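Colleague: Could you take a close look at one part of this model for me, and then follow the packing outward from there? I would like the cut-offs stated as you go.

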Amino acid sequence: MDDVMHSLVTEQQNKDSLNIDTADTIDVLKIMNDEDKKVAYAVEECLNDIALAVDKIVDRMKEGGRLLYFGAGTSGRLAILDAAECPPTFGTDPELVQGIMAGGRDAFNIAQEDIEDHKTEGIAEVQRNEITEKDSVIGISASGQAAYVVGAMEEAKRRGALTISLTCNEKSTMDHIVDVPINVVVGPEVLMGSTRLKAGTAQKMILNMISTTVMVKLGKVYKNLMVDLNPKNRKLIERAKRIIMLATDVSYEEAEKYFELSRQNPKVAIVMIETETDYEMARILLEEGEGFVARAIE
């Protein structure tokens with residue numbers, strides 16, 4: 001295991017930041033900024049793999065499946081963050097997209113790094129969540145070696161779930177376990193082994209891509225508007241009204257009226273306005289259009 005770890009790109013020393021400890025503040029920032037610029041290009045190299053993962057996830061979700069992320073340390077925190085943002089952004093049930101972290105929610109705030117070494121914990125977590133062949137599971141590990149994540153992927157695979165890995169090395173232990181490996185190679189970190197930096201940024205970017213594109217493909221977006229957002233506070237209520245305005249070209253007053261008539265559902269409000277129908281008929285049209293506003297209007 002030690003030999004493998006020493007050979008990983010994520011564990012190498014970055015020659016461009018060797019003197020960061022004696023550099024001026026602005027030069028430290030420039031070094032970090034230059035390294036961060038490389039991340040988007042590394043993600044670009046993985047777009048075909050990401051697209052394959054998205055399409056497979058969408059197929060399973062249409063059959064009632066869930067999307068579950070498994071990670072440890074920084075990867076686990078990113079998993080929880082991405083999952084937590086789906087309900088307010090896309091109006092999803094909290095059970096649909098879940099982030100599961102080694103050590104549980106307590107480890108989000110207080111690091112429990114040793115937990116990632118326990119493969120049996122990953123296996124047990126998959127069992128506790130009763131993962132089935134309908135579900136999609138993404139294992140997130142910068143090194144690709146975290147035993148907790150590997151165990152989760154093996155158990156999820158055994159249960160027939162779609163398995164996807166997200167790592168930051170060219171090759172990973174999970175490559176031969178999962179259905180779709182995504183290996184985004186961002187190179188050595190500014191601080192050797194500190195994968196909360198470029199690796200973490202790359203993982204966040206890809207998780208953003210996956211969850212957002214899945215929701216687009218499920219009809220949660222009209223044009224580029226979040227029509228399924230959950231307007232639970234003043235800011236989101238105003239955003240919902242603006243979404244109605246932008247989608248239909250009505251005034252603020254009209255948008256406000258239809259926001260209430262639609263029972264505070266921007267998607268329904270848009271269909272009501274565009275098809276000149278009432279609440280019940282708009283709901284029927286959306287159901288016939290499988291939740292897509294464009295199809296409902298057509």
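Modeller: Ser17 sits in the loop that links helix 1 (2-7) to helix 2 (25-44), where helices (H or I, at least four residues) and strands (E, at least two) are DSSP runs numbered from the N terminus. This is a predicted model, in which local features need pLDDT of at least 70 and side-chain atom pairs count only at pLDDT 80 or more, while totals for chains, interfaces and linings use all residues. Residues are numbered from 1 along each chain as its sequence is written, and side-chain values use heavy atoms, with hydrogens and water left out.

With a relative accessible area of 6%, Ser17 is buried (under 20% relative accessible area, with exposed over 50% and partly exposed in between, for a 1.4 Å probe and protein chains only). Leaving aside residues up to four places away in sequence, Ser17 touches Ile31, Glu189 and Val190, contact meaning heavy atoms within 4.5 Å.

A second loop residue, Ile131, lies between helix 7 (119-128) and strand 3 (136-140), and it counts as buried because its relative accessibility is 1%. Not counting residues up to four places away in sequence, Ile131 touches Arg66, Leu68, Phe70, Val126, Val137, Arg159 and Ala161. Between Ile131 and Gly65 there are 9.2 Å in space, C-alpha to C-alpha, although the two are 66 residues apart in sequence.

Turning to the interior, the largest nonpolar core (buried Ala, Val, Leu, Ile, Met, Phe, Trp, Tyr and Cys residues joined through side-chain atoms within 4.5 Å) has 38 residues, and Ile57, Tyr69, Ile138, Ile182, Val184 and Ile210 have the most contacts inside it. Helix 9 (residues 198-217) supplies the largest share of this core, seven residues. Tyr69 touches, among others more than four places away in sequence, Val97, Ile100, Ile138, Ile140 and Leu207. Separate from this is a second core of 25 residues, whose members include Tyr222, Leu225, Ile244 and Phe259.

Ile244 and Phe259 also take part in the contact between helix 10 and helix 11, including Ile237, Ala240 and Met245 on the helix 10 side and Tyr252 and Ala255 on the helix 11 side. By class, this contact has seven nonpolar, no polar and three charged residues, where Ala, Val, Leu, Ile, Met, Phe, Trp, Tyr, Cys and Pro count as nonpolar, Asp, Glu, Lys and Arg as charged, and the others, Gly among them, as polar.
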